[in-house]
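Trainee: I've got a new model open and don't know where to begin. Can you walk me through it?
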Amino acid sequence: MRLLYRSRDARNRSRPMRHLVIVDHPLVQHKLALLRMKQTPTAEFRRLVREIALLLGYEITRDLPLAPVPIETPLEAMEARMLAGKKLCIVSILRAGNGLLEGMLELLPSARVGHIGLRRDPTTLAPIEYYFKVPADIAERPVIVVDPMLATANSAVHAVDRLKGAGARDIKFACLLAAPEGVARMREAHPDVPVYAAALDRGLDEHGYIRPGLGDAGDRLFGTR
Ligand code: PRP
Ligand code: URA
């Protein structure tokens, strides 16, 4: 059994990095379909985002390092395996990122949390930063950036630029929906940052909205429209 564990870890380490990982688990796809429906009310939308975040988090943390730890079960001593190294930092791009953050924190309750406040200028689609606070030792932590929508990727690229500026090196990006344009932009700007998404949609419309999409994620999460 130990050998099996070891070889699985080794396989994870030697796997080439994929720039885009679509988490197409049936549970994720089912919940995503409910989320997209225009009649889904705010409370259910919020619950579904949290649940999908848990499932994305499961996939995104697949290669976290483990270390052997001696423990005692009620029957005997054994060497179990537990997470090793510095605790993760989850960085939420405000405000819609907070929906995913909640679910990720259920899975990783000890994670540290950073926030980057960004809003898109509706005309230029450029990100406008209004807040930035991340742990001082972010350079030593694996980082998961969460934002439900990767549209033009202007927000994601800006957030990753800022995090790298603060010293972060090991960064992953998690979203619900990605547009091909945003994936291409992220890959060009930050080829070392893999994108995890529940779906890759058709593309962007003239307002920079993902189609078919789910609408405005922040407004649907917080009931502001
Ligand atoms: C949305 C979304 C992303 C961004 C994606 O935020 O949550 O942050 O747009 O678009 P992009 O890939 O083209 O940059 P928005 O600016 O609407 O702010 P909000 O979260 O406060 O609603
Ligand atoms: N932001 C959203 O909330 N939705 C989109 O489709 C694109 C950006």
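Mentor: Sure, and keep in mind that this is a predicted model. Let's begin with ligand 1, which has 15 residues around it.

Trainee: Which of those are the closest to ligand 1?

Mentor: The closest are Arg120, Asp147, Thr152, Ala153 and Ser155.

Trainee: What does the side chain of Asp147 do there?

Mentor: An N or O atom in the Asp147 side chain is 2.4 Å from an oxygen atom of ligand 1. Ser155 also uses its side chain: a polar atom there lies 2.5 Å from an oxygen atom of the ligand. With Ala153 the backbone is involved, as one of its polar backbone atoms is 2.8 Å from an oxygen atom of ligand 1.

Trainee: And how much of ligand 1 does the protein cover?

Mentor: On its own, ligand 1 has 500 Å² of accessible area, and the protein covers 90% of that.

Trainee: Which strands and helices supply the shell around ligand 1?

Mentor: At least two residues each come from strand E5 (112–120), strand E8 (149–150) and helix H5 (154–165). E5 gives the most, with 3 residues.

Trainee: How many of the shell residues are nonpolar, polar or charged?

Mentor: For ligand 1, the shell has 7 nonpolar residues, plus 4 polar and 4 charged ones.

Trainee: OK, switching to ligand 2. Which residues are around that one?

Mentor: You'll find Arg120, Met149, Ala151, Gly208, Tyr209, Ile210, Gly215, Asp216 and Ala217 around ligand 2. Arg120 should ring a bell, since it is also listed among the closest residues to ligand 1.

Trainee: Which atoms of Ile210, Gly215 and Ala217 come up in the contacts?

Mentor: Backbone atoms. A polar backbone atom of Ile210 is 2.8 Å from an oxygen atom of ligand 2, and a backbone N or O atom of Ala217 lies 2.8 Å from an oxygen atom of the ligand. For Gly215, a polar backbone atom is 2.9 Å from a nitrogen atom of ligand 2.

Trainee: What about cover for ligand 2?

Mentor: The protein covers 89% of the 230 Å² of accessible area that ligand 2 has on its own. By class, the shell around ligand 2 has 5 nonpolar, 2 polar and 2 charged residues.

Trainee: So where do ligand 1 and ligand 2 sit?

Mentor: Ligand 1 sits in the largest pocket, and so does ligand 2. That pocket holds about 700 Å³ of space.

Trainee: What lines the largest pocket?

Mentor: 30 residues line it, and Arg119, Arg120, Tyr209, Asp216 and Gly218 lie nearest its centre. The elements that give two or more residues to the lining are strand E4 (89–94), E5, E8, H5 and helix H7 (217–222). In terms of class, the lining has 15 nonpolar, 7 polar and 8 charged residues.

Trainee: Let's change topic to the backbone. Which peptide bonds are cis?

Mentor: One joins Leu94 and Arg95, with omega about 0°. Arg95 is in the loop between E4 and helix H4 (97–107). Another cis bond runs from Arg211 to Pro212, with omega near 0°, and Pro212 is in the loop between strand E12 (210–211) and H7.

Trainee: Why are those worth pointing out?

Mentor: Because most peptide bonds are trans.

Trainee: And what is the phi of Leu125?

Mentor: Phi of Leu125 is near 65°, which is a positive value in a residue other than glycine. Most residues other than glycine have a negative phi. To find Leu125, look in the loop between E5 and strand E6 (127–133).

Definitions and conventions. Residues numbered from 1 in each chain as written. Chains lettered and ligands numbered in written order. Predicted model: local features only at pLDDT ≥ 70, side-chain atom pairs only at ≥ 80, totals over all residues. Heavy atoms only, no water. Near = heavy atom within 4 Å. Polar contact = N/O pair within 3.5 Å; in protein donor to acceptor, adjacent residues only side chain to side chain. Areas by Shrake-Rupley, 256 points an atom, 1.4 Å probe, with all protein chains shown as cover. 1 Å grid on protein atoms, 1.4 Å probe; cavity = no way out; pocket = protein on both sides within 12 Å on 5 of 7 lines; lining within 4 Å. Sits in = over half its atoms within 2 Å of the grid points. Helix = DSSP H or I, 4+ residues; strand = E, 2+ residues; numbered from the N terminus. Nonpolar A, V, L, I, M, F, W, Y, C, P; charged D, E, K, R; others polar. Points joined across faces, edges and corners; volume = space filled by probe spheres on them.
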